[in-house]
Amino acid sequence: MRSEPIRRGVQSGSTPNVEFLLLDPDVFNLAWDEFLAEDYEASLDRVRRCLEEGQAGRLTSLSIVPQEGVPTLRDGVVLCARNLYQLDRFAEFEVLQASAGRWGLVSDGFVELEVIELAFACKRGEYRQVVQHCTAMIDAQRSKLPPVLADFLYLRGLAFSHLGKPEEAREDTEAAYALFRILKKDYESGRSANLMGMIEFRGSDYEAAEKWFQRALELHTLLNMRKNMGGNRLNLGIAAYKRGSFAAAHSHFRAAERLCREVDAQVSLCRASLARGNTFRLQREPESARRHLMRAYEDANRLMLPREEALALEFLGDVARDDGQIETARRYYSRSLAIGRSIAPDGDVVMEVMRRQGQCLQLLGRNSEALSVLGTARTMARRQGDRFEEGVALRTIAEALLGMGDLDSASRHAIAAVNQLTEVDARFEAAQARIVSARIGLAQAGSGLLRDATAVLETGWQEAMSALHAFLDSDVEHWILTARRVVSELSALRAEQGRLSVPVSASADRVGRPTGPQPIIHVSTRMRDLLQLCDAFADSAEPVLVTGDTGTGKELFARRLHDKSTRQSGELVCVNVTAIPREIFAREFFGHVRGSFTGADAGSIGLAARADGGTLFLDEIGDLPLELQPQLLRLLQDGTYHAIGDPAERTADIRLIAATNADLQQRVAEGRFRADLYYRLKILELRLPPMQERREDVMPLLRHFLSQSAGREVDPTEYFHRDSLEAMRGYAWPGNVREIAMFARQAVVQLESRGQVEIEIDSGPGGLLHFTGPESPPRAINPQSVSPSRGTAEDLRQHLLLALAETDGNRAEAARRLGVSRSTLYRRMEKLGILGKVAQA
């Protein structure tokens with residue numbers, strides 16, 4: 001079956017005109033058949049000869065007499081222009097326009113050449129101008145309904161699709177397709193069907209897209225149009241890789257390249273290189289991806305295809321990003337974005353690149369900036385009706401929220417991403433969203449915020465298993481290994497969940513002090529990474545040095561190291577070095593035999609023996625007496641020691657965890673700490689960040705300690721005004737986690753006893769920060785204005801007395817807990833009349 005060529009001729013009774021000069025039908029039909037066969041050079045050469053013969057008057061004497069259905073000089077010019085368009089020869093097209101003018105053919109009525117000129121403009125990315133011109137022509141021709149109206153509808157639909165206006169594009173293209181079918185123009189019908197497939201594809205309706213692509217392929221196969229058949233196979237391949245069917249995608253791409261090479265379809269070959277390069281990128285084959293994408297980029301430059309150039313840069317950025325070269329990726333994206341904005345400021349290229357820029361910011365840890373960019377990309381995707389891109393944007397937003405520690409919001413966005421990508425059958429991207437959702441579940445379960453993480457872990461495990469199944473189908477090793485790691489982490493956490501879970505009500509005594517194993521409350525990425533490192537250290541036999549400011553939770557990390565080690569069945573012996581007097585430290589640590597010193601009526605095994613088979617935690621290791629350090633080093637290296645008064649060598653199998661807030665390297669330099677012991681301890685080190693470096697954890701910690709003190713789950717808004725809570729996020733918390741715990745206990749006591757909360761905290765040079773609740777906003781108070789007669793001074797007095805009571809009057813420890821110097825504490829105590837009371841007590 002072959003489509004009818006353009007044979008307008010004239011209607012009987014028309015006035016003879018040079019534009020209706022008749023051409024040899026046989027020659028013209030051969031040129032048309034060559035055009036359909038996509039032998040554009042041969043078709044161009046033949047139709048040019050046909051036109052020359054017509055102009056030379058070599059046809060019959062009746063050549064200007066109108067005859068129904070016989071091709072005319074006008075038809076020859078249009079076919080010549082179509083060939084030039086397919087061959088991307090715009091300069092020759094301009095010459096043809098000039099020649100047609102000399103022949104008297106260019107007039108307001110010769111709109112076919114204008115259609116082809118606009119098609120060239122689309123190739124150059126001048127979509128807004130195309131829409132304007134087509135709209136003007138459609139409005140002018142609407143009442144007459146000429147056949148060329150279908151061409152203008154098609155071109156405007158094409159331009160709308162690139163401008164990110166899917167509804168307008170769909171309406172115009174469907175109308176064009178229907179008109180072409182009525183006019184029995186199979187070539188144009190196939191082209192419109194392919195564009196409809198692209199529009200549905202961009203709207204993420206892959207099933208509808210495949211139907212249109214298949215329809216276009218059938219029409220072009222009937223016409224034996226190999227270039228267009230190649231384009232249809234290319235589109236079917238892209239739809240396949242969107243679903244993660246990479247083997248099917250490559251099969252379509254190879255067929256497309258074979259068809260396009262047969263007719264030297266350079267533009268389609270450029271697009272095929274783009275598609276194959278991106279598929280290799282998704283398969284994590286960077287070298288193959290770069291090779292195809294660089295070829296596409298060079299071809300796009302040579303052929304002056306700005307959209308394809310932008311896409312090549314976009315995908316090259318993806319390859320760099322996947323390789324961890326984030327700044328390189330951002331440079332690629334910036335170049336792509338500049339080209340995309342010059343083509344269509346609100347188009348799909350701009351939207352896709354903005355989403356990728358947001359992802360780079362997220363990977364750089366600039367999560368707040370990432371959320372802003374990703375929000376814009378998501379809005380653009382929604383406006384364009386691109387549900388696939390919106391789903392990917394939702395997934396990336398979830399990752400940014402995870403990085404910010406907003407686990408609840410992250411979970412909601414991840415679930416939305418999974419649902420949306422599943423709805424559009426984007427199986428591969430949906431699997432990645434499931435991995436993000438599972439990782440968020442891991443963060444929630446490990447945050448210590450959940451009383452029972454069983455449901456979260458079960459859901460996360462199911463998500464990870466579903467993702468693993470999809471990745472196995474796609475056969476991408478990188479993602480298979482990623483999914484297996486997440487499944488393994490979830491399985492391990494599920495197995496120990498029952499042992500590690502401690503209900504809030506059972507974990508505190510009557511005054512709110514913890515009595516059992518405590519979770520390490522966190523949502524921040526910094527702490528999550530630190531806990532992963534802690535867990536990795538757990539099974540090692542080497543000592544671990546835990547460093548950090550006072551109140552950062554060093555003992556909690558020691559307990560976690562012990563609980564997750566193979567020594568968990570042994571005892572964890574915790575020793576605060578500063579709490580044992582120097583003169584008795586050796587016998588307390590190593591034990592002694594009866595009679596070894598005056599008053600030694602009985603022997604003692606010592607702390608080292610107690611820790612045999614378990615873990616010994618030495619807090620404030622920097623204060624260990626210098627004379628005992630060689631003995632500790634020997635215990636670490638050989639597992640041997642001597643008890644006081646016993647010449648026999650004893651052995652102990654211990655794992656040492658040491659903690660300090662001191663600069664041990666400085667103490668080594670000062671001769672206060674042995675270098676050999678320091679380097680033995682430093683093999684594995686955990687550096688705990690202060691609260692000012694993990695501000696995302698302030699609110700979760702406050703919620704936890706409020707709940708612990710209240711004996712029930714509570715929300716911070718039950719105690720504090722929202723403005724106060726916001727101010728807490730900006731406060732440095734120099735006393736770290738311990739200060740937050742004391743602050744929370746004070747809030748619970750005040751609310752229960754007075755019905756309101758008013759707490760002052762030293763905010764540094766600016767004075768005292770006043771937190772109230774639950775309805776009054778905070779205010780800054782100059783310390784000079786505080787006097788015993790004011791209510792605020794009474795609050796400060798309670799604050800100090802509570803700290804002193806909890807430390808049994810130890811002022812140095814109270815100062816550390818309050819996050820102030822000892823001299824500052826003394827000044828405040830004297831001003832508030834506390835010194836006398838403490839002395840009397």
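This report walks through the cysteines, one strand residue, the salt bridges and the nonpolar cores of a predicted model.

## Ground rules

Residues are counted from 1 along each chain as its sequence is written. Since we're dealing with a predicted model, local features need pLDDT of at least 70 and side-chain atom pairs count only at pLDDT 80 or more, while totals for chains, interfaces and linings use all residues; side-chain values use heavy atoms, with hydrogens and water left out.

## Cysteines without partners

How many disulfides does the structure hold? Zero. A disulfide is a covalent bond between the sulfur atoms of two cysteines, and here the cut-off is a pair of cysteine sulfur atoms within 2.5 Å. Take Cys122: its closest cysteine sulfur belongs to Cys134 and sits 7.1 Å away, so that's too far for a bond.

Cys122 is also buried, at 6% relative accessible area. (Buried means under 20% relative accessible area, exposed means over 50%, and partly exposed is in between, using a 1.4 Å probe and protein chains only.) Cys534 is buried too, with a value of 1%.

## A look at Thr660

Where does Thr660 sit? You'll find Thr660 in strand S6, residues 655-660. (Strands, E, have at least two residues and helices, H or I, at least four; both are DSSP runs numbered from the N terminus.) Thr660 is buried, with a relative accessible area of 1%.

Now for the neighbours. Glu620 is 40 residues from Thr660 in sequence, yet their C-alpha atoms are 4.5 Å apart in space. If you skip residues within four places in sequence, the contacts of Thr660 (heavy atoms within 4.5 Å) include Leu545, Lys554, Glu620 and Ile621. A polar atom of the Thr660 side chain also lies 2.9 Å from the backbone nitrogen of Ala662.

## Salt bridges

Side chains of opposite charge can pair when their charged atoms come close. The rule for a salt bridge is a side-chain nitrogen of Lys or Arg within 4 Å of a carboxyl oxygen of Asp or Glu, and by this rule the count comes to 60. One of them joins Arg226 and Glu262, at 2.3 Å from N to O. That pair links distant parts of the chain, 36 residues apart: Arg226 is in helix H11 (residues 226-242) and Glu262 is in helix H12 (residues 246-262). Arg226 is partly exposed at 26%, and Glu262 is partly exposed at 46%.

Another salt bridge joins Glu571 and Arg610, with the closest N and O atoms 2.7 Å apart. This one also links distant parts of the chain: Glu571 is in the loop between helix H25 (554-563) and strand S2 (572-576), Arg610 is in helix H27 (residues 606-610), and they're 39 residues apart. Glu571 is partly exposed at 36%, as is Arg610 at 37%. Salt bridges can form networks as well: one links Arg281, Arg284, Glu314, Asp318, Arg321, Asp322 and Arg356.

## Nonpolar cores

What counts as a nonpolar core? It's a set of buried Ala, Val, Leu, Ile, Met, Phe, Trp, Tyr and Cys residues joined through side-chain atoms within 4.5 Å. The largest one has 151 residues, and Val130, Phe152, Leu155 and Phe471 have the most contacts inside it. Leaving out residues up to four places away in sequence, Val130 touches Leu118, Ala121, Cys122, Leu155 and Ala159.

There's also a second, separate core of 31 residues, with Val573, Ile621, Leu628 and Leu656 among them. Ile621 is a name you've met before, as one of the contacts of Thr660.

Notes
Polar contact = N/O pair within 3.5 Å; in protein donor to acceptor, adjacent residues only side chain to side chain.
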